[in-house]
Amino acid sequence: MPALDATDARLLLALSEDPRATVLALSQQLGLARNTVQARLGRLESSGALDPFERRVRPEALGYRLGAYVTVQVVQRSLADVGDALAAIPEVLEVIGLSGVADLLVQVVAVDADDLWRITEQVLAIPGVQRTDTNLALRRFVDHRMTPLLERAAGSLPVTDAD
């Protein structure tokens, strides 16, 4: 994935503020040619710099009010197969490979505690899974965000000593 420049960051900030903005509106707002904006958006989409739209849908809106993070220890030869099996479970939102004791961090959602039990039983039943540990998500303190990083990349947020 190519690194974003300040113009890309400004474009993404503008889209973040108004996701429904047209190419023409973005070009006027940013002072760029319409073809430039169109080409950059195309490059950002094709390079994978933009997540799919589904990332914006909250599980709570679909009735999944309980969130959890499940760490999974896996027989190493089975890592790819376990990943494929986890992808087949609809309530699995994301799977991340880890270093350390646990091999995978699995973000899941459930309707309630009984549903979470069912999902964790499905995970444990996957061949190659050795052990799981489930942690309930009680409260979200910081939503997934990119704006501070985009502002920095666009040159509108200074790098501080703490950075």
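**Note on a two-domain predicted model**

1. In this predicted model, 36 Å separate the centres of domain 1 and domain 2, taken over C-alpha atoms. The domain assignment places domain 1 at residues 6-50 and domain 2 at residues 65-137.

2. For the N-terminal part there is also a record to consult: UniProt, in an unreviewed entry, places the feature "domain: HTH asnC-type" at residues 4-65. In the model, that span is 55% helix and 0% strand, and its end C-alpha atoms lie 35 Å apart.

3. The next point concerns the sheet. Four strands form an open sheet, in which the order is β2-β3-β1-β4 and the pairing is antiparallel. Because β2 (92-97) and β4 (129-137) stand at the edges and each has a single partner strand, one side of each is left without a neighbour in the sheet. From one strand to the next, the twist averages 20°.

4. One pairing can be followed in detail by a reader who has the structure open. Strand β2 and strand β3 (residues 104-110) run antiparallel and are joined by five bridges, and within this pair of strands V92 has V108, in β3, as its bridge partner.

5. Two helices pack on the sheet, and each can be described by the strands that it touches. Helix α4 (residues 79-87) touches β1 (66-74), β2, β3 and β4, and its direction makes about 15° with that of β3. Helix α5 (residues 113-124) touches β1, β3 and β4, and its direction makes about 155° with that of β4.

6. Which residues have the most contacts inside the largest nonpolar core? They are V72, V82, L86, I89, L104, V106 and V108, in a core that has 18 residues. The elements β1, α4, β3 and α5 each give two or more residues to this core, and β1 gives the most, with five residues. As general background, nonpolar side chains in soluble globular proteins tend to be buried together.

7. V108 deserves a second look, since it appears both as the bridge partner of V92 and among the residues with the most contacts inside the largest core. Leaving aside residues up to four places away in sequence, V108 touches L66, G67, A68, V70, E91, V92, L116 and I119.

8. Finally, the nonpolar residues of the model should not be read as one group, for there is a second, separate core of 15 residues. Among its members are A9, L11, V23 and A154.

Conventions
Residues numbered from 1 in each chain as written. Predicted model: local features only at pLDDT ≥ 70, side-chain atom pairs only at ≥ 80, totals over all residues. Heavy atoms only, no water. Domains from an automatic or database assignment. Pairing = 2+ DSSP bridges. Axes fitted to C-alpha atoms, helices over the stretch in contact; angles between N-to-C directions. Contact = heavy atoms within 4.5 Å. Core = buried A, V, L, I, M, F, W, Y, C linked by side-chain atoms within 4.5 Å. Buried < 20%, exposed > 50% of the residue type's maximum accessible area, 1.4 Å probe, protein only. UniProt positions renumbered as here; feature names shortened; annotations may be inferred.
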